[in-house]
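Me: I'm new to this one, so could you walk me through it with a few questions and answers?

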Amino acid sequence: MSNTEEGIRDILYTVEVFCKNFKLELAPTKCTVLSKTKSEDLPIFQLNGQELLTLDSREAMTYLGSPISGWKTGRMEGTRKRLERIQTEIEEVMRSKLSLNQKIIAIKRYIYPELDFTLMASDVSLKELSKKDIMVRGLIDKDLNSGNLPVPFFYTDNKDGGLGIPNLRERKLMMEISTLIKLVNSPIRKTADFFRMAIEDEATYRRVVKDPSGMFEEWKTEEGVIQQDRQAGTNGIATRANMACNKLEIQVRLTRDGCTIRDRARRTEMEESAIIELKGKQSITRLKRILRQRWRSNLCEMPLHGHSFRILKDSSVSNNFLRSTDPRNDNLIRFCIMARCNQLATPEILAKRTHDPEMGHCKICKERGVECLGSLMHILNGCRSTFQWFTWRHNQIEEVIVKELRRKFRNISIGRSVTLGFTNVELSDANKRLKPDLSAVTGNKLLIIEINCPYGASEDRNANDNREHEDKLHIKYKEKREKYKDLVKELKDKLDMRIIFIGVVVSSLGVIAEETMLDLIKLFGKREAKSIGKKLSYNALLGSAVVYYKKPPICFGDPRKCDLCEQNNNPSTSQQNAQRDKGSQQNQVIEATDQTPVVQTRVQDEDRYTDTIQIVQSESHPNTNTDAQEQNHVNGDPKGEEQVGTKETRKIKRKVKRTGNKAQLKAARAASKYTARCKKIKAREQERDLRRKAEEGERKYLEYLREAAEGGDKDTSEECPVEVDWVYEGDAEEAVEMLERDSEQETSMSEVEDTETSEEPGMGLEEAPDESSGETHLRPSEE
């Protein structure tokens with residue numbers, strides 16, 4: 001740096017000599033000169049005989065991704081271009097074929113960190129950062145088709161139930177404060193003293209007015225302006241940290257060996273009484289914790305859209321569904337987010353949107369003469385018309401526990417919803433009738449497991465203060481433990497066994513109770529308990545999605561089946577019976593009037609069952625071979641199966657056009673593909689069995705011929721171990737060689753067919769050598 005052109009040239013010459021003496025090489029193409037002159041002509045400088053790039057001081061050069069310029073406008077212009085590139089990358093990620101959880105993780109882990117150095121070292125407009133925050137929220141809302149999700153939900157931490165996306169404006173201000181704290185608390189004492197002195201000199205130079213309630217070092221600031229007696233100052237690191245503290249409402253006081261940080265936006269008695277001195281890393285953690293608690297508090301204070309997040313606090317297991325990098329089904333992710341934010345199209349929400357209170361009642365309950373609010377809690381946990389669906393969800397959670405118990409304990413006997421009479425203990429009348437969901441015996445342990453799936457929210461325990469809430473999961477767990485307390489105590493007194501009670505309480509929105517996690521850790525260990533908790537949360541969410549939409553689990557990316565969904569999508573049982581009776585009467589009439597054969601084809605597989613389809617032969621083909629049709633039915637005629645599948649698909653398409661239910665068509669197509677694949681595998685296995693039997697018969701016949709060749713002249717038409725269509729006439733030794741050669745060819749062909757999964761039959765004994773060639777041959781036997 002120099003005030004004259006000659007000074008710069010002297011400096012460059014000194015650098016050349018120094019590098020030449022110490023065998024160092026320079027890269028002039030990477031060097032740039034910033035010139036501040038009044039004339040329009042920029043000076044020219046050279047390094048190692050190469051001309052250097054010279055820019056006006058108002059322009060910006062890029063170094064390590066950050067713009068460097070003598071003017072603030074130049075630095076902000078370079079930062080704006082970088083923000084535009086970041087926006088383009090975010091839009092490309094949102095347009096990709098990744099699942100929604102993968103898109104959010106890609107933005108948080110790979111795109112936002114690129115801005116950290118720019119936010120820390122460059123001048124960035126806070127308005128531009130706020131626009132980028134709005135843009136990201138809009139893209140996620142559009143992908144979810146959710147309208148407008150609550151703003152705090154985007155920035156609430158993952159462990160607290162939110163998406164955990166960093167707020168760029170807030171991140172910029174936090175970095176201003178954290179940068180100053182790191183420098184002031186540097187392990188190098190000279191560096192720390194230098195910046196502490198710089199802060200004091202800035203305050204002395206400005207003659208800052210002191211205020212004990214000031215946010216930064218008692219500097220009085222009103223409406224973003226520092227109150228000072230002298231109108232002078234610099235835009236240094238102290239000034240920027242003061243503005244950031246005032247915008248975030250965080251009070252920072254520097255001490256000799258650290259600093260103190262307090263949240264002035266949400267004052268509590270505990271924070272006012274406890275002032276703790278923090279070191280460098282501890283202070284940064286404290287800043288992040290303050291901002292995290294703010295977003296969670298803002299979300300929980302929403303009475304309609306944030307009530308379910310009051311029980312979601314620091315629970316990584318309950319929110320693993322959104323934190324995992326594995327691809328998740330977008331339909332299930334959308335249900336999870338919309339249900340927890342209470343933005344599904346329930347009657348309660350529709351009534352608030354249309355300002356019509358009559359729309360807020362449950363229609364099914366109203367038809368039965370009961371007026372109930374059609375809230376999400378009523379649909380997922382209270383409506384009497386969906387009790388069977390609640391049972392299905394309960395059974396899925398129970399199945400997870402059963403599988404984990406059998407995996408953990410090999411020799412275990414499990415009973416479901418049975419009394420404890422198998423213990424041969426005389427229990428009291430009250431305890432004798434209790435039937436826990438699961439009771440298991442393994443070794444010297446008796447496990448009593450009770451499962452409950454309430455709605456995930458909190459209850460107001462104090463009518464005068466709505467801020468006091470009690471966790472519903474905690475209430476249900478205490479009820480279950482209180483219910484079985486006497487039974488556990490009586491069994492401990494009368495049995496020489498270890499009695500363990502486990503209360504599995506999982507909300508219908510996939511939240512695991514803290515007491516449940518403690519019970520699982522005691523039984524399975526910490527690592528396995530977390531894995532089980534994730535499975536319980538997933539199954540509760542899946543069950544609630546099935547309950548709400550009345551759609552099979554395959555619509556949410558799960559291959560299991562639900563009989564209730566099939567009954568709901570199919571006609572009623574009475575209509576099915578009437579159709580079957582009508583079909584049987586028609587069959588009787590056809591058999592009495594016309595003797596044309598009737599072939600009944602039943603399409604049935606592991607996941608789907610369709611009614612009997614009757615195929616009646618047309619009168620124009622009276623000579624159709626019935627046996628051949630039945631044989632095709634047994635072997636799985638592909639043409640017939642395609643016709644049946646086409647008819648079923650047409651029926652479903654017509655139903656989709658009437659009802660607009662595309663999920664049913666998607667599920668039917670997936671099930672038909674699975675059925676066709678199973679039938680192909682079955683046909684391939686049958687073909688292999690037939691080929692294997694043919695090879696075994698040929699092998700036995702070959703052994704018989706070999707024995708005949710060794711024993712001399714022997715009648716080959718007698719004592720043959722297998723039935724053959726060819727009889728040997730000629731030399732036995734030549735026949736043995738010929739058959740061995742043919743069997744080797746057949747074996748090689750069968751191996752090729754197995755690898756290529758071909759359906760062409762292998763070469764059999766029918767391909768005998770030509771008689772005109774003079775070779776030994778086989779001819780058909782004479783009956």
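Me: What percentage of the 783 residues in the chain is buried?
Reply: Happy to help, and keep in mind that this is a predicted model. A residue counts as buried when its relative accessible area is under 20%. In this chain of 783 residues, the buried share is 41%.

Me: How many helices and how many strands does the chain have?
Reply: Both kinds of element occur here. The secondary structure comes to 28 helices and 20 strands.

Me: How many aromatic pairs are there in the whole structure?
Reply: Ring centres must lie within 6.5 Å to pair. Searching the whole structure on that basis gives a total of 13.

Me: Is the pair of Phe 18 and Phe 22 stacked, tilted or edge-to-face?
Reply: The two ring centres are 4.7 Å apart, with 40° between the planes. Stacked needs planes under 30 degrees apart and edge-to-face over 60. The angle falls in neither range, so the pair of Phe 18 and Phe 22 is tilted.

Me: And are Phe 153 and Phe 154, which also pair, buried or exposed?
Reply: Their pair is edge-to-face, at 6.3 Å centre to centre and 65° between the planes. Phe 153 has a relative accessible area of 1%, and Phe 154 also comes to 1%. The cut-off is under 20%, so Phe 153 and Phe 154 both count as buried.

Me: Which residue has its charged end over the ring of Trp 389?
Reply: A charge sits over a ring only if it is within 6 Å of the ring centre, among other conditions. Here the distance to the centre of the Trp 389 ring is 5.3 Å, and the residue is Lys 550.

Conventions: Residues numbered from 1 in each chain as written. Predicted model: local features only at pLDDT ≥ 70, side-chain atom pairs only at ≥ 80, totals over all residues. Heavy atoms only, no water. Phe/Tyr/Trp six-rings, centres within 6.5 Å; stacked < 30°, edge-to-face > 60°. Buried < 20%, exposed > 50% of the residue type's maximum accessible area, 1.4 Å probe, protein only. Lys NZ or Arg CZ within 6 Å of the ring centre and 35° of its normal. Helix = DSSP H or I, 4+ residues; strand = E, 2+ residues; numbered from the N terminus.
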